[in-house]
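Trainee: Please take me through the largest cavity in this model. I would like a close look at what surrounds the space, and then at the parts of the structure connected with the lining.

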Amino acid sequence: MHESAFLLGQVFNGFSVASLFILAALGLALSFGLMRVINMAHGEMLMLGGYLAYMTLQIVPGPLGILVAMPVAFLGAALLGGILEWTVIHRLSARPLDTLLATWGVSLVLQQAARNLFGAIGVEVTAPTWLDHTVSINSGFLSGLDLPDTRIFILIIAALVLGGIAALLNKTRLGLYVRAVNQDRATAAAMGVNARRIDLLVFSLGTGVAGLAGVILALLGPVTPTVGQSYIVPAFLVVILGGLGSLVGTTIASIVVGLFTAMIEIFVDVSVAQVLLLVFVIIFIQFRPQGIITVRTRALEG
Amino acid sequence: MAVKKRFGVMSALLAATMLSGVTAAHADGTVKVGVLQSLSGTMAISEVPLEDAELLAIDQINAKGGVLGKQIVAVQEDGASDPSTFAQKATKLIEEDGVVTVFGGWTSSSRKAMLPVFQRLHNLLWYPVQFEGNECSPNIMYSGAQPNQQALPALTWAEEKGYKSYFLLGSDYVYPRTANLILKKHIAHDGMTLAGEEYVPLGGTDFSSIIAEIQQSKPDIIINTLNGDSNVSFFKQMAAAGLTPDKLPVMSFSIAEPEAKAMGPSLLAGSYTSWNYYESLPGPTNAAFVAAYKAKFGADSVVDDPMVHGYVDVYEWAAAVKKAGSFNPTKVRDAAVALGSEDSPLGGVSFADNQSMVQTGYIGELEPDGQFKIVWTSPGLIQPQPYDPLTFPGKTCKLH
């Protein structure tokens, strides 16, 4: 393989990893941005998406199963998120530390539920055959470069989800309300915005996106009761690095982390790369504690 | 019959048991043994079926009249996937319950944590899982493969197939690091090339950079010591990159029948593993074992190498007790190494002077139905070597 092909391949891998981080972290950034809720059960929403994909594929096997699974997982996880917000989170809204503990408890309950329903070992979700190929470049200075269809597909989905949420927040009346509540909850409520309903909708949207992300992650990883745990730490990492609650920040942070890891893994092994990544994040946060993008909101000033 | 923890009943006997050691344990026509596996936590996935196999053997022996006229009572404890819990529960089993021996452990860290307990309390642990060797204790019977019974037979097979260039990939902990240390010595010694060596943290899910390195270094075969779910991520991402097992062979040391079933045989079909047991092994003893297990745990359950070693350990212990005419751990381990070949689902097995099992090595190719087709058998039984002579020259393990 040509050296430049290898380097470009690593850039592609960096963006591919970034797209997974974006999908995993977007819902977390949404719910934190609006409600200051640190949702420890976010990883289990990813897990739920994986299992919903498994069940959908049992009913709709064949090439289109995965496309049906994405909206199913979105709606299923959004529904569960809505129930969670309505029963647990809004009742604890004034007590952030209690929310953290309560959602952690919910995550344990969901893990055990998955274990009891589907077994501890995990279930099989395979990528459809139309994603089995790679885009290969066989001539020129990039000869030997292989770009897997699955990863290209995930990049496209991540871009669509990101674009969809940006449009929702910036172009719709609902988005206007969300931004208003985000900037100043009391004033927005005084103007007649039903902040309570906005909370419920945004939290459901966040968990729904996590459910969809779970389907996507199942294409490249396992579906087990504890799978959420492997993504929750990187998800928190990019949300904190990006600036708590900022979607743009989360996106930039995902790309920075993805590219940083892919580039550094050319020289060191994966374990060392993880250490260096965390060192980088710690130093960065020392100099810029607010993250990449500063979110101006009354809620964070209190 | 198995009973759960009996703190209340035992607390009265506690002082007496601690003083008199093993004698109190079989005063009433029963004898207690400990079964110590992880029933919760990340390792429960593998250790619960292993415990089932150990309890199955105990039930079968009891049904035939027990050992030395006594029924075996299994005292079960949960190691909770945590080494210090293993050590604590081992102490509890020996001191409070007065068990005469313990069957258990899976991870090397759990074994290392229990070792000083068994040495201090002069008891005996039967450890059923393949491991990295490099250890030699008179208080442990090692029935799982030593590196020269799993890793090195895999290398021999690969060299016989004509593979010249090897890529070593593993999870970042003691077993893959030590196994690869030994493999590297032998790869260099045999004049083969090392295409690369990479480790990912336990539970790692991203293999994009490693797959890029594999594509660049073009090995003939990958030797995979990844643990658990990382395997699913690795094989899915290899398939996405077009590197299915038929294009680039993968030899895995931590994938057996249950893992293959869970990960989806279609994903892994055509990849290779190296074990001392496969469910598909021929022979009436294995057929009887598989039938008994499926009768108890369901027709779609599968058995694997560590489970069978746990099962065989119980039978080996019972045979050694009969030979010694005593439950005393020191007499039992002396008798165990003097037993000679015992029939088992693995075939004829015995314990060598270093308290490790003499057994045959097999290479299996995974078929789409989730079972392994045996494609290679070691020429005869392999004597266990806790210390690889190339890697650790001068170190030997002589216990009897």
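Mentor: The largest cavity holds about 160 Å³ of space. Keep in mind that this is a predicted model. Rolling a probe the size of a water molecule over the atoms shows where empty space is left.

Start with the lining. It has 19 residues. Nearest the centre lie Asn13(A), Asp146(A), Ser208(B), Ala212(B) and Gln215(B). Look at the chain letters in that list: Asn13 and Asp146 belong to chain A, while Ser208, Ala212 and Gln215 belong to chain B.

Now go from residues to elements. Chain A gives two or more lining residues from helix H1 (3–35) and also from strand E2 (145–148). Chain B does so from helix H7 (208–217). The largest share comes from H1(A), with 6 residues.

Next, sort the lining by class. There are 10 nonpolar residues, 7 polar ones and 2 charged ones.

With both chains in the lining, the interface is the next place to look. Here 35 residues of chain A are in contact with 33 residues of chain B. The size of an interface is often given as the accessible area lost when the parts come together. Between chain A and chain B, the buried area is about 2600 Å². Carbon and sulfur atoms give 53% of that area.

What holds polar atoms in contact here? Across the interface there are 11 residue pairs in polar contact, both residues being at pLDDT 80 or more. On the side of chain A that touches chain B, H1, E2, helix H5 (149–171), H9 and helix H11 (270–287) each supply at least two residues. H1(A) gives the most to this side, with 5 residues. So you meet H1(A) twice: it also gives the largest share of the cavity lining. By class, the chain A side has 15 nonpolar, 13 polar and 7 charged residues.

Charge comes next. Side chains of opposite charge can pair when their charged atoms come close. The interface has 1 salt bridge. Its partners are Arg177(B) and Asp269(A), with the closest N and O atoms 3.9 Å apart.

Finally, compare the second largest cavity. Its volume is about 60 Å³. Its lining residues are all from chain A, and include Leu46(A), Met47(A), Gly214(A), Val227(A) and Tyr231(A). Helix H2 (42–59), helix H8 (195–218) and helix H9 (227–242) of chain A each supply at least two of them. This lining has 8 nonpolar residues, 2 polar ones and no charged ones. In the whole structure, the search finds 6 cavities of 30 Å³ or more.

Key: Residues numbered from 1 in each chain as written. Chains lettered and ligands numbered in written order. Predicted model: local features only at pLDDT ≥ 70, side-chain atom pairs only at ≥ 80, totals over all residues. Heavy atoms only, no water. 1 Å grid on protein atoms, 1.4 Å probe; cavity = no way out; pocket = protein on both sides within 12 Å on 5 of 7 lines; lining within 4 Å. Points joined across faces, edges and corners; volume = space filled by probe spheres on them. Helix = DSSP H or I, 4+ residues; strand = E, 2+ residues; numbered from the N terminus. Nonpolar A, V, L, I, M, F, W, Y, C, P; charged D, E, K, R; others polar. Contact = heavy atoms within 4.5 Å. Buried area = accessible area lost by both parts, 1.4 Å probe. Salt bridge = Lys/Arg side-chain N within 4 Å of Asp/Glu carboxyl O. Polar contact = N/O pair within 3.5 Å; in protein donor to acceptor, adjacent residues only side chain to side chain.
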